[in-house]
Amino acid sequence: MTLKLLNVTLVIVFTSFSAMAQAVNEAGDSPVEEAIRESVRRQAYKIELQNKLAAAQEALQKEDYREAATRYEESLDLVKLIGRGVDAERTQVMEGFINTRIQLARQARQRGDLLAARDQIQRILAEDPKNETALKMQADTDKALAAQEGLRPSADTLSELPEIY
C-alpha cells in the first residue's frame with residue numbers, strides 16, 4: 001500500500017513537472033536560460049565598456065576632447081546598463097567624463113562661447129549634481145551670460161538663425 005501510494009505520488013509529481021516544463025517552453029525561455037542569457041549579455045557589455053574606456057583614454061592623451069567626451073558618454077551608458085559589478089570602471093568613467101567636459105567648457109569659454117560652456121557644465125551636473133567644480137563654473141558662466149544680456153543675441157534668437165537664412 002505504501003509502495004502504491006509512493007508510485008502514485010511520483011506519477012503526480014512527474015506529471016506536474018512535465019506540465020510546468022511544457023508551459024515554460026510554450027511561454028518562452030526558462031528562468032535559468034534567461035539568467036544565462038543576461039549573464040552573457042552583461043559580460044559582452046563589460047568587454048565593450050573596457051574597449052570604450054580605452055578609446056576614451058587614448059583620445060584624452062591625444063587631447064581630442066570631443067572624441068574623449070563621446071567615448072566617455074558611451075562608457076557611462078554601458079556602466080548604467082551593466083549595473084552592479086563595475087565599480088572601478090564606474091569611477092574611471094565618471095572621472096574622465098567630468099574632466100573631459102570641464103576641459104570642453106573651458107575651451108568654449110576661451111573662445112567666448114558661453115552657451116556651449118553652459119551646455120558642457122549642465123551635462124556634468126546631470127550626472128553629478130553636487131560636483132563643486134561644475135557648480136562654480138556654472139555660477140561664473142551664468143554671471144558672464146547675465147553681464148552680456150542685451151549685448152549678444154539670446155539663445156532663442158540664435159536657434160532661429162537657420163530659419164532666418
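In the predicted model, the side chains of Arg 71 and Glu 67 meet in a salt bridge, with an N-to-O distance of 2.7 Å. Both residues belong to helix H3, where they are 4 residues apart, about one turn of the helix. Glu 67 counts as partly exposed, because its relative accessibility is 29%. This pair is one of the 11 salt bridges that the structure holds.

The chain as a whole is helical in its assigned elements: its secondary structure comes to 8 helices and 0 strands. Read from the N terminus, the order of elements is α-α-α-α-α-α-α-α. The chain has 165 residues, of which 25% count as buried. Its accessible surface comes to about 11,500 Å², and carbon and sulfur atoms account for 55% of that area. Among contacts between residues at least 6 apart in sequence, 57% join residues at least 24 apart.

Helix H3, which covers residues 65–82, also takes part in salt bridges to other helices. Glu 74 pairs with Lys 52, and the closest N and O atoms of the two are 3.1 Å apart. This pair links distant parts of the chain, since Glu 74 lies in helix H3 and Lys 52 in helix H2, 22 residues apart. Both partners are partly exposed: the relative accessibility of Glu 74 is 23%, and the relative accessible area of Lys 52 is 21%.

A further salt bridge joins Glu 73 to Arg 123, with the closest N and O atoms 2.4 Å apart. Glu 73 lies in helix H3 and Arg 123 in helix H5 (residues 114–127), so this pair ties together parts that are 50 residues apart in sequence. Glu 73 is buried because its relative accessible area is 18%, which falls under the 20% cut-off for that class. The interaction also belongs to a wider arrangement, in which salt bridges that share partners join Glu 73, Lys 80, Arg 101, Arg 123 and Glu 127 into one network.

Ser 75 is likewise found in helix H3. With a relative accessibility of 0%, Ser 75 counts as buried. Once neighbours within four places in sequence are set aside, Ser 75 is in contact with Leu 49, Lys 52, Leu 53 and Val 93. Lys 52 thus appears both among the contacts of Ser 75 and as the salt-bridge partner of Glu 74. For Leu 53, a polar atom of the Ser 75 side chain lies 3.5 Å from the backbone nitrogen.

Helix H5 contains 14 residues, for which a rise of 1.5 Å a residue gives an expected span of 20 Å; the end C-alpha atoms are 20 Å apart, in agreement with that value. The buried residues of H5 are Leu 114, Ala 116, Ala 117, Gln 120, Ile 121, Ile 124 and Leu 125. These buried residues pack against helix H4 (87–110) and helix H6 (132–148). Gln 122 also lies in helix H5 but is partly exposed, because its relative accessible area is 39%. The C-alpha atom of Gln 122 is separated by 8.0 Å from that of Ala 134, a residue 12 places away along the chain.

Exposed positions were examined in helix H2 and in the loop that follows this helix. Val 32 is found in helix H2, which covers residues 31–61. Val 32 counts as exposed, because its relative accessibility is 56%. Together with Ile 36 and Val 40, Val 32 makes a nonpolar surface patch of about 290 Å². Glu 63 lies in the loop between H2 and H3 and is exposed, with a relative accessible area of 56%. The phi angle of Glu 63 is near 60°, a positive value in a residue other than glycine.

Notes
Residues are numbered from 1 along each chain as its sequence is written. This is a predicted model: local features need pLDDT of at least 70, side-chain atom pairs count only at pLDDT 80 or more; totals for chains, interfaces and linings use all residues. Side-chain values use heavy atoms; hydrogens and water are left out. Patches are made of residues with over 30% relative accessible area and no salt bridge: like charges are joined within 9 Å, nonpolar side chains (Val, Leu, Ile, Met, Phe, Trp, Tyr) within 5 Å. Accessible areas come from the Shrake-Rupley method with a 1.4 Å probe; for residues, only the protein chains shown count as cover. A salt bridge is a side-chain nitrogen of Lys or Arg within 4 Å of a carboxyl oxygen of Asp or Glu. Helices (H or I, at least four residues) and strands (E, at least two) are DSSP runs, numbered from the N terminus. Buried means under 20% relative accessible area, exposed over 50%, partly exposed in between (1.4 Å probe, protein chains only). A polar contact is a pair of N or O atoms within 3.5 Å; within protein, one must be able to donate a hydrogen and the other to accept it, and residues adjacent in sequence count only if both atoms are side-chain atoms. Contact means heavy atoms within 4.5 Å. The expected span of a helix is 1.5 Å times one less than its number of residues.
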